[in-house]
Amino acid sequence: MQYIIGQILGIGSTVCTIILPFFKKKWQILAANILVNLLISLNFILIGKIGSAAFLCMVAIVQSIVSMVHDSKGTPISLVEKILFLTLYVGFGFFGIVTAPGFVPEINTTNLLELMPIVGALMLMFSVFSKSEQTMRKFLLVNATIWTIYTAIVGSTAFFTDLVCMVSTASALIKYRKKA
């Protein structure tokens with residue numbers, strides 16, 4: 001039952017992702033991003049894929065909230081905050097790769113697949129820190145491509161979310177491109 005609920009949440013994130021890149025304002029994109037990351041994080045946890053992906057989605061939620069607060073106050077995101085989120089993304093990303101049998105951490109080569117969520121999360125980080133909505137969409141497209149491959153390999157219905165995100169983001173990039 002838990003697995004089914006997790007997969008339903010993955011499908012729910014797909015529905016949200018269809019409209020996410022079509023929002024015109026940054027705060028709308030960020031709010032939708034928070035919901036999508038919450039649903040995907042719960043999806044990974046409930047289907048038993050608790051690893052770097054679930055933790056990275058949680059960091060993405062916090063980063064989006066911080067960005068929304070800064071945007072509402074008209075203040076820039078500080079270098080310290082950028083470094084903090086970079087550290088969190090890389091640190092939580094390696095959580096799924098490094099195991100600690102006994103007291104000696106070692107690289108678990110079977111979990112090298114967990115590098116993909118790190119790269120995807122960094123693309124999201126660059127997206128959220130972008131000032132322009134079009135730049136956000138470009139980073140979201142790279143993010144969605146990486147996550148599509150990852151979720152297909154781990155067998156999550158969030159695969160459909162990422163696939164839809166790729167298509168809808170590409171469509172939004174075309175729709176909102178500046179005519180030369």
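Contact, in these legends, means heavy atoms within 4.5 Å. With that in hand, the buried residues of helix 6 pack against helix 2, helix 3, helix 5 (115-129) and helix 7. The model shown is a predicted one.

**View 1. The whole chain, with 7 helices and 2 strands.** Following the sequence, the elements come in the pattern α-α-α-α-β-β-α-α-α. The chain has 180 residues, and 43% of them are buried. Among contacts with a separation of 6 or more, 69% join residues 24 or more positions apart. The accessible surface is about 9,300 Å², and carbon and sulfur atoms account for 76% of that area.

**View 2. Helix 6 (133-154) and its packing partners.** Here's a helix whose length works out: its 22 residues should span 32 Å at 1.5 Å a residue, and the end C-alpha atoms sit 30 Å apart, which agrees. The buried set takes in Gln 134, Met 136, Arg 137, Leu 140, Asn 143 and Ala 144, then carries on through Ile 146, Trp 147, Thr 148, Tyr 150, Thr 151 and Val 154. So what do the buried residues of helix 6 pack against? Helix 2, helix 3, helix 5 and helix 7.

**View 3. Helix 7 (residues 158-175), seen with its cover.** Helix 7 has 18 residues and runs 25 Å from its first C-alpha to its last, close to the 26 Å expected. Its buried residues are Ala 158, Thr 161, Asp 162, Cys 165, Ser 168, Thr 169, Ala 172 and Leu 173. They cover an arc of only 140° around the axis, so they all end up on the same side of helix 7. Handy reminder: an α-helix has 3.6 residues a turn, so residues three or four places apart point the same way. Turn to the face away from that buried side, and you'll find Val 167 and Ile 174, both exposed. Which helices help cover the buried residues of helix 7? They include helix 1 (2-19), helix 2 (26-46) and helix 6.

**View 4. Helix 3 (residues 52-73) and what follows.** The 22 residues of helix 3 should span 32 Å at 1.5 Å a residue, and its end C-alpha atoms are 32 Å apart, which agrees. Plenty to look at on the buried side: the list runs Ser 52, Ala 53, Ala 54, Leu 56, Cys 57, Val 59, Ala 60, Ile 61, Gln 63, Ser 64, Ser 67 and His 70. Just past the end of the helix, Gly 74 adopts a positive phi of about 75°.

**View 5. Zooming in on Ser 67, part of helix 3.** Buried or exposed? Ser 67 is buried, as its relative accessible area is 0%. Setting aside residues up to four places away in sequence, Ser 67 touches Lys 26, Leu 30, Ile 77 and Val 128.

**View 6. The salt bridge between Lys 26 and Asp 71.** How many salt bridges does the structure hold? Just 1. The Lys 26 and Asp 71 side chains meet at 3.4 Å, N to O. This pair links distant parts of the chain, with Lys 26 in helix 2 and Asp 71 in helix 3, 45 residues apart. In general, side chains of opposite charge can pair when their charged atoms come close. The C-alpha atoms of the two partners are separated by 8.7 Å. The partners don't share a burial class: Lys 26 is buried, at 12% relative accessible area, while Asp 71 is partly exposed, at 36%. Leaving aside neighbours within four places in sequence, Asp 71 is in contact with Lys 26 and Leu 30.

**View 7. Lys 49, in the loop between helix 2 and helix 3.** Lys 49 counts as partly exposed because its relative accessibility is 36%, in between the under 20% of buried and the over 50% of exposed residues. Its contacts, not counting residues up to four places away in sequence, are Phe 44 and Val 154. Also worth a look is Ser 156: 107 residues separate Ser 156 from Lys 49 along the chain, yet their C-alpha atoms are 8.8 Å apart.

**View 8. A nonpolar surface patch that includes Tyr 3.** The patch is formed by Met 1, Tyr 3, Ile 4, Ile 5 and Ile 8, with about 560 Å² of accessible area together. Tyr 3 belongs to helix 1, and at 45% relative accessibility Tyr 3 counts as partly exposed.

Methods. Residues are numbered from 1 along each chain as its sequence is written. This is a predicted model: local features need pLDDT of at least 70, side-chain atom pairs count only at pLDDT 80 or more; totals for chains, interfaces and linings use all residues. Side-chain values use heavy atoms; hydrogens and water are left out. Helices (H or I, at least four residues) and strands (E, at least two) are DSSP runs, numbered from the N terminus. Buried means under 20% relative accessible area, exposed over 50%, partly exposed in between (1.4 Å probe, protein chains only). Accessible areas come from the Shrake-Rupley method with a 1.4 Å probe; for residues, only the protein chains shown count as cover. The expected span of a helix is 1.5 Å times one less than its number of residues. The arc is that of the directions from the helix axis to the C-beta atoms. Patches are made of residues with over 30% relative accessible area and no salt bridge: like charges are joined within 9 Å, nonpolar side chains (Val, Leu, Ile, Met, Phe, Trp, Tyr) within 5 Å. A salt bridge is a side-chain nitrogen of Lys or Arg within 4 Å of a carboxyl oxygen of Asp or Glu.
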